[in-house]
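Me: I'm new to reading protein models. Can you walk me through one, feature by feature?

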Amino acid sequence: FPGKVKLGDKTYQKDSWFNVPDSIATSIDRQLHTTNDHPISITRSIVESKFPAPAFKHYHDFFPVVSTHENFDSLGFPADHPGRSKTDTYYVNETTVLRTHTSAHELEIFQAKESDGYTISADVYRRDAIDKTHYPIFHQMEGARLWDREKVAHGDIAKAVWEDVERLPKHHMIVEDPNPPTHPERNPLQAGHAPEEAAAIATHLKRSLELMVVEIFSRAKAAAMATNPNYHDEPLKVRWVEAYFPWTSPSWELEIYWQDQWLEVLGSGVVQQELLQKAGVPSKLGWAFGLGLERIAMLLFEIPDIRLFWSQDPRFLSQFTGVSDDLDTLKRFIPFSKYPACYKDVAFWLPPASSSTTSAAGGLAPPQAFHENDIMEIVRNIGGDNVEDVQLTDEFTHPVSGRRSLCYRINYRSLERTLTNEEANRFHERVRGELVKKMAVELR
Ligand code: PHE
């Protein structure tokens with residue numbers, strides 16, 4: 001591990017925490033959210049259009065390598081929060097990570113005081129499962145809107161915020177919002193906030209985000225109708241669900257009813273006064289949200305697999321040509337032919353969890369608690385975007401020895417061509433070898 005690593009155009013000192021695979025490091029340069037005519041960038045523009053200047057300023061260029069302080073501590077994450085673990089997060093060294101969310105920039109942006117509101121769009125990184133909706137790099141947009149108590153006549157922030165709410169356009173959709181603005185246990189009012197203030201800010205937050213969702217869906221609908229004249233038009237249904245984030249209270253998630261299920265699209269809340277104090281703006285008050293751009297883009301364009309965003313295939317990219325310049329030309333994605341799936345299973349015994357075991361490869365890997373994300377990473381490092389998903393299909397514990405056995409089914413399928421069985425076998429043999437070497441499993 002000792003030595004240095006180059007990420008983007010910067011060089012970092014590695015230590016034993018380093019766990020960033022090459023495939024991730026080399027993708028940092030892609031910056032899909034600012035690539036002209038890329039669906040992630042188009043989606044970003046549409047969302048940004050609902051947060052207009054002069055109140056909002058839009059940022060796109062925050063570098064993905066941040067300190068653990070920025071990503072976790074500044075936001076009030078407890079020291080033992082699972083999100084900090086090496087199994088979930090990419091570490092460059094003990095105090096430096098690839099950001100796991102755009103909230104990592106809230107403190108500095110509040111400190112900068114460049115505008116009342118802003119959005120930050122950026123690539124974020126999380127170790128995760130492999131399937132059609134998860135990819136270790138994705139894109140988020142953070143947004144916030146602050147009001148300055150000192151600039152408001154008679155200090156009546158609630159009145160100022162309500163005046164602003166009245167100026168927001170009316171919209172038609174079905175909104176379920178059954179919960180009270182605050183709840184003493186589940187979603188508390190902050191100590192320094194008056195109930196009227198929190199209620200006004202919450203309404204502004206909810207109305208602003210509902211407007212954004214209406215915009216996305218009217219565009220999705222127009223795109224769907226263009227290709228399907230029999231498109232059945234139904235009013236959009238959304239709901240607000242109470243949530244918890246260490247740096248907001250009260251907090252909510254917004255879910256959208258889409259193709260017969262509720263989809264979570266964003267997290268949000270009233271910004272903790274403590275964060276604003278830390279940022280040197282104690283007299284401000286406001287809201288923040290963070291949303292996943294891939295999820296919204298997948299709905300908007302009907303893109304069926306998250307790997308497509310990384311495809312350089314002209315059959316994908318050419319479908320979006322010109323849309324950045326004229327958002328009204330947006331069309332649904334028309335999938336190109338689906339290539340055959342190739343399923344391969346791998347079954348193994350996990351190493352006994354005793355401290356005296358050494359790995360089969362000669363004691364390289366100290367025994368560690370098993371985490372599925374390590375398997376996902378081995379598969380991804382070998383198969384790359386040729387793997388569609390990885391599922392646990394069987395699991396049992398031996399009644400006598402107490403050892404655990406797992407079976408995973410890997411689906412090798414390229415989005416761009418037919419993989420031969422030999423190619424899939426080659427990937428799979430390497431996966432088996434690496435599982436033994438890196439995780440000290442015993443193949444069955
Ligand atoms: N960062 C949060 C996430 O990734 C979303 C969020 C942003 C929640 C801002 C509240 C305020 O889930």
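Reply: Sure, and keep in mind that this is a predicted model. Start with overall size: a compact globule of 444 residues would have a radius of gyration near 22 Å, and this chain has 24 Å, so the two agree.

Me: What box do the C-alpha atoms of the chain fill?

Reply: Taken along the principal axes, the box is roughly 70 × 55 × 45 Å. Inside the chain there are eleven helices and 17 strands.

Me: How much of the chain counts as buried?

Reply: Of the 444 residues, 37% do. You can also look at which parts of the sequence meet. Among contacts with a separation of 6 or more, 70% come from residues 24 or more positions apart.

Me: Let's try a single residue. Where is asparagine 36 found?

Reply: Look in the loop between helix 1 (22-25) and helix 2 (39-49).

Me: And is asparagine 36 buried or exposed?

Reply: Count the C-beta neighbours inside 10 Å. A residue is exposed if there are 12 or fewer. Asparagine 36 has 12, so it counts as exposed.

Me: Which residues is asparagine 36 in contact with, leaving aside its neighbours within four places in sequence?

Reply: Those are Ser41 and Ser324. For a sense of distance, try glycine 8: it sits 28 residues from asparagine 36 in sequence, and their C-alpha atoms are 20 Å apart in space.

Me: Now helices. How do I describe two that are packed together?

Reply: You give the angle between their axes and the distance between the axes. Here, take helix 2 and helix 8 (residues 293-301): their axes come within 9 Å and cross at roughly 95°. Angles of 65 to 115 degrees count as roughly perpendicular, so helix 2 is roughly perpendicular to helix 8.

Me: Which residues make that contact?

Reply: Helix 2 brings Pro39, Ile40, Thr43 and Arg44, while helix 8 brings Leu293, Glu294, Ile296, Ala297, Leu300 and Phe301. Sorted by class, the contact of helix 2 with helix 8 has seven nonpolar, one polar and two charged residues.

Me: Last one: which residues are around the ligand?

Reply: Here's the list: His101, Ser103, Glu142, Phe245, Thr248, Gly267, Ser268, Gly269, Ala288, Phe289 and Gly290. Strand 12 (261-271) and strand 13 (284-292) each supply at least two residues of that shell.

Me: How does the shell around the ligand break down by class?

Reply: You get three nonpolar, seven polar and one charged.

Note on methods: Residues numbered from 1 in each chain as written. Predicted model: local features only at pLDDT ≥ 70, side-chain atom pairs only at ≥ 80, totals over all residues. Helix = DSSP H or I, 4+ residues; strand = E, 2+ residues; numbered from the N terminus. Buried ≥ 20, exposed ≤ 12 C-beta atoms within 10 Å, placed from the backbone. Contact = placed C-beta atoms within 7 Å. Axes fitted to C-alpha atoms, helices over the stretch in contact; angles between N-to-C directions. Parallel < 35°, antiparallel > 145°, perpendicular 65-115°, else oblique. Nonpolar A, V, L, I, M, F, W, Y, C, P; charged D, E, K, R; others polar. Near = placed C-beta within 6 Å. Rg over C-alpha atoms; globule rule 2.2 N^0.38 Å.
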